[in-house]
Amino acid sequence: MADTPITLRLTIADPVQGVRYSLQQDNAPHDPATAGDAPLSFDVSVRLSDDNRFLGPFVRREGPQRRFVYIRIGTSAGDHGSPWTRRAKVDIHDIPAALLDQARAGRVLEIILPGRGEDGSPACATIHPVQPWRSV
């Protein structure tokens, strides 16, 4: 069988207002958006293989199993006047198989992410969800 295209929605619950965020496609910013006072969402198109491996230009890998997507922040997202140069790593390899089946059937899978670190600046490094993956 062929790979199945699916959509992952990365929603930042409380982004830092005025900061630019984007997805990372290959090694460049993609679809930049400046945060306002509402949650900020990015829809990521990926391919899912028959054995549940994630593929495509947004997918990064670490070792044989770990797959993730980067959200670029500040200068990394193309805002060269920003005081922040960051990326947030969002794990996707641990999405439950039952949800992947729903994605294959056309449902969007969404995760809710924190937008701020403990100091109030944009969250970065490996970020842990506020709400786990769900089908929407």
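Helices here are DSSP runs of H or I with at least four residues, strands are DSSP runs of E with at least two, and both are numbered from the N terminus. Everything shown below comes from a predicted model.

**View A. A salt bridge sits within helix H1.**
Here's the pair to look for: Arg 104 and Asp 101, joined by a salt bridge whose closest N and O atoms are 3.7 Å apart. Both residues belong to helix H1, which covers residues 97–104. They are three residues apart, and that comes to about one turn of the helix. Arg 104 is partly exposed, at 28% relative accessible area. Asp 101 is partly exposed too, and its value is 48%. Buried would need a value under 20% and exposed one over 50%, so Asp 101 falls in between.

**View B. Glu 110 and Arg 134 link two strands.**
The closest N and O atoms of this salt bridge, between Glu 110 and Arg 134, are 2.5 Å apart. Glu 110 lies in strand S9 (residues 109–113) and Arg 134 in strand S11 (residues 131–135), so the pair ties together parts that are 24 residues apart in sequence. Is each partner buried or partly exposed? Glu 110 is buried, with just 7% relative accessible area, while Arg 134 is partly exposed at 39%.

**View C. More charged pairs turn up elsewhere in the chain.**
Side chains of opposite charge can pair when their charged atoms come close. Counting a Lys or Arg side-chain nitrogen within 4 Å of an Asp or Glu carboxyl oxygen, there are nine salt bridges in the model. One of them brings together the side chains of Asp 51 and Arg 53, with 3.1 Å from N to O. Arg 53 is partly exposed, with a relative accessible area of 41%. Also worth a look is a salt-bridge network that links Glu 62, Arg 66, Lys 89 and Asp 91.

**View D. Five strands make an open sheet with mixed pairing.**
Read the strands across the sheet in the order S5-S4-S1-S9-S11. At the edges are S5 (54–55) and S11, each of which pairs on one side only. S4 (residues 40–48) and S5 run antiparallel and are joined by two bridges; look for Arg 47 standing opposite Leu 55 in S5. S1 and S4 are antiparallel as well, with nine bridges between them. S1 and S9, on the other hand, run parallel and share five bridges. There, Leu 8 stands opposite Leu 109 in S9. And where's the helix? H1 lies across S1 (4–12), S4, S5, S9 and S11, and runs at about 40° to S11.

**View E. Thr 4 is a buried residue in strand S1.**
Thr 4 is found in S1, and its bridge partner in S4 is Leu 48. With a relative accessibility of 17%, Thr 4 counts as buried. What does Thr 4 touch, leaving aside neighbours within four places in sequence? Its contacts are Val 46, Arg 47, Leu 48 and Arg 104. Arg 104 is the H1 residue from View A. For a sense of scale, the C-alpha atoms of Thr 4 and Thr 34 are 31 Å apart, with their positions 30 residues apart in sequence.

**View F. Pro 57 sits in a loop.**
The loop in question runs between S5 and strand S6 (59–62). Pro 57 is partly exposed, at 30% relative accessible area. Setting aside neighbours within four places in sequence, Pro 57 is in contact with Gln 24, Gln 25 and Asp 26. Thr 75 is 18 residues away along the chain, and 21 Å separates its C-alpha atom from that of Pro 57.

**View G. The structure holds one cavity of 30 Å³ or more.**
Rolling a probe the size of a water molecule over the atoms shows where empty space is left. How much space lies in the largest cavity? About 40 Å³. Its lining includes Ile 12, Ile 71, Ile 73 and Ile 127. Tyr 21, Ala 88, Pro 114, Gly 115 and Ala 123 also line this cavity.

How values were computed:
Residues are numbered from 1 along each chain as its sequence is written. This is a predicted model: local features need pLDDT of at least 70, side-chain atom pairs count only at pLDDT 80 or more; totals for chains, interfaces and linings use all residues. Side-chain values use heavy atoms; hydrogens and water are left out. Buried means under 20% relative accessible area, exposed over 50%, partly exposed in between (1.4 Å probe, protein chains only). Two strands pair if DSSP finds at least two bridges between them. Contact means heavy atoms within 4.5 Å. Axes are lines fitted to C-alpha atoms, for helices over the stretch in contact, and angles run from 0 to 180 degrees between N-to-C directions. On a 1 Å grid over the protein atoms alone, a cavity is a set of points where a 1.4 Å probe fits but cannot get out, and a pocket is an open set with protein on both sides within 12 Å along at least five of seven lines; lining residues have an atom within 4 Å of a point. Grid points are joined across faces, edges and corners, and a volume is the space filled by probe spheres set on the points.
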